[in-house]
Amino acid sequence: MSKIHAAITAVGGYVPDYVLDNHELETMVDTNDEWITTRTGIKERRILKGEGLATSDMAVHAVNQLLTKRGISAAEIDLIIFCTTTPDMPFPATANVLADKIGAINSWGYDLQAACSGFIFGLTTGAQFIESGKYTKVLVVGGDKMSSIINYEDRATCIIFGDGCGCALLEPNTDGYGILDSICKTDGSGREFLNQQAGGSLLPASHETVDAKKHFAFQEGKTVFKFAVTNMAEVAVEVMERNNITADDVTWLVPHQANKRIIDATAARTGVPDERIMKNIERYGNTTNGTIPLCLWEWESKLKKGDTLILAAFGGGFTWGSIYLKWAY
Ligand code: UT7
């Protein structure tokens, strides 16, 4: 039998209705539409409003849509990998919460924390269970309610992030479609430049941590930018070169949406022209684990069987990675 690859066979997505645009941000912090647009490429982002709504609630919308499209029930899912930096709770895993909410009664699952590279790490991890022959239906979810950890008095971070969630189903394929290669990397020495300091075992929640605003996302933007520009582009090129893929062969480059300037730099380094790059940053900002699956969801109707996709991401940790895949439907 020919080799089993893990192919994406369906995608789903969800973004909340509330639109937080640059003009509303101008009323909240000392910023302006022109600065945000030229420095980041972001015009608006979505915010999950409403009491009692968490990351898993966005995932329920996205996954139910995926299941309907694929024509399967939640009970058929073997495994859920939930890539998120804003889990519903520190424990239990949001994958468990999601399984309960959608009725995935035969699935087990776990959360994967790799910040903005989560979906790349999640697809890579999920693919192993398919390639080994152990499972036939692995659901990889990438989503974040970033508004739950953003300080809307900090202009350096609040202009960047938004809420959203996407997902992909992995199934076996023996015709040469699916995930053909991936590279995942981490460098923990970058942890000081992008993090949420408090709430873990290092700095448990206290009045002091709340007063010092240490439960919010912190980013030293310039440093992260420098590493992101280099590493996201380099890892995309690395996966292309080792598979003898040139820019002409790439149907779509799917970069993590952190900053339009980082996307443009990755495009320039890989040589993939602008019209073949998926971009949703202008409308959604940086949805962390959500950016790549939301791109796949929105571009799904344009994708054709056999298309060559290069996915690439960089995030807190530092983490970064890239995937080469052939679209399977
Ligand atoms: O997804 C995970 C990975 N994350 C990333 O890849 C994000 C990487 N970093 C970035 O995208 C950029 O660094 C930012 C968009 C966060 C910031 O852009 P920058 O060009 O690096 O700006 P900066 O932080 O160096 O700030 C430049 C100036 C500063 O003023 P001075 O010191 O030059 O007078 C800032 O105080 O812009 C000021 N500034 C702002 N001005 C208006 C910072 N934030 C704002 C703002 N509005 N929102």
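Begin by selecting helix 3, residues 55-70, together with helix 4, residues 94-102, in this predicted model. Look along the two rods and you will find that helix 3 and helix 4 pack at an angle of about 50°, while their axes are 10 Å apart. That angle makes helix 3 oblique to helix 4, and the way helix 3 passes helix 4 is a right-handed crossing.

Next, show the side chains where these two helices meet. On the side of helix 3, select S56, D57, A59, V60, V63 and N64, and on the side of helix 4, select T94, V97, L98, K101 and I102, which are the residues they meet. If you colour the contact of helix 3 with helix 4 by residue class, you should find six nonpolar, three polar and two charged residues.

Stay beside helix 4 for a moment and select F91 and P92, where the peptide bond from F91 to P92 is cis, with omega near 0°. P92 belongs to the loop that runs between strand 4, residues 79-83, and helix 4.

Now move to the ligand and display what lies around it. How many residues surround the ligand, and which are the closest? There are 24 residues surrounding the ligand, and the closest are T31, R39, K222, N259 and N286. Zoom in on T31, where an N or O atom in the side chain is 2.7 Å from a nitrogen atom of the ligand. Then turn to R155, which has a polar side-chain atom 2.8 Å from an oxygen atom of the ligand, and to H256, which has a polar side-chain atom 2.9 Å from an oxygen atom of the ligand.

The next selection is a second pair of helices, namely helix 8, residues 221-242, and helix 9, residues 260-270. Helix 8 and helix 9 pack at an angle of about 35°, with their axes 9 Å apart, and helix 8 passes helix 9 in a right-handed crossing. To see this contact in detail, show F225, A228, V229, M232, A233, E234, A236, V237 and M240 from helix 8, and add R261, I262, A265, T266, R269 and T270 from helix 9. Sorted by class, the contact of helix 8 with helix 9 contains ten nonpolar, two polar and three charged residues.

Two loops remain to be visited. Select K213, which sits in the loop between helix 7, residues 207-211, and strand 10, residues 218-219, and check its backbone, because K213 has a positive phi of about 60° although it is not a glycine. Finally, select G317 and F318, which are joined by a cis peptide bond with omega of about -10°; F318 lies in the loop between strand 12, residues 308-315, and strand 13, residues 319-326.

Terms used
Residues numbered from 1 in each chain as written. Predicted model: local features only at pLDDT ≥ 70, side-chain atom pairs only at ≥ 80, totals over all residues. Heavy atoms only, no water. Axes fitted to C-alpha atoms, helices over the stretch in contact; angles between N-to-C directions. Helix = DSSP H or I, 4+ residues; strand = E, 2+ residues; numbered from the N terminus. Parallel < 35°, antiparallel > 145°, perpendicular 65-115°, else oblique. Left-handed = near helix turned anticlockwise from the far one by under 90°. Contact = heavy atoms within 4.5 Å. Nonpolar A, V, L, I, M, F, W, Y, C, P; charged D, E, K, R; others polar. Near = heavy atom within 4 Å. Polar contact = N/O pair within 3.5 Å; in protein donor to acceptor, adjacent residues only side chain to side chain.
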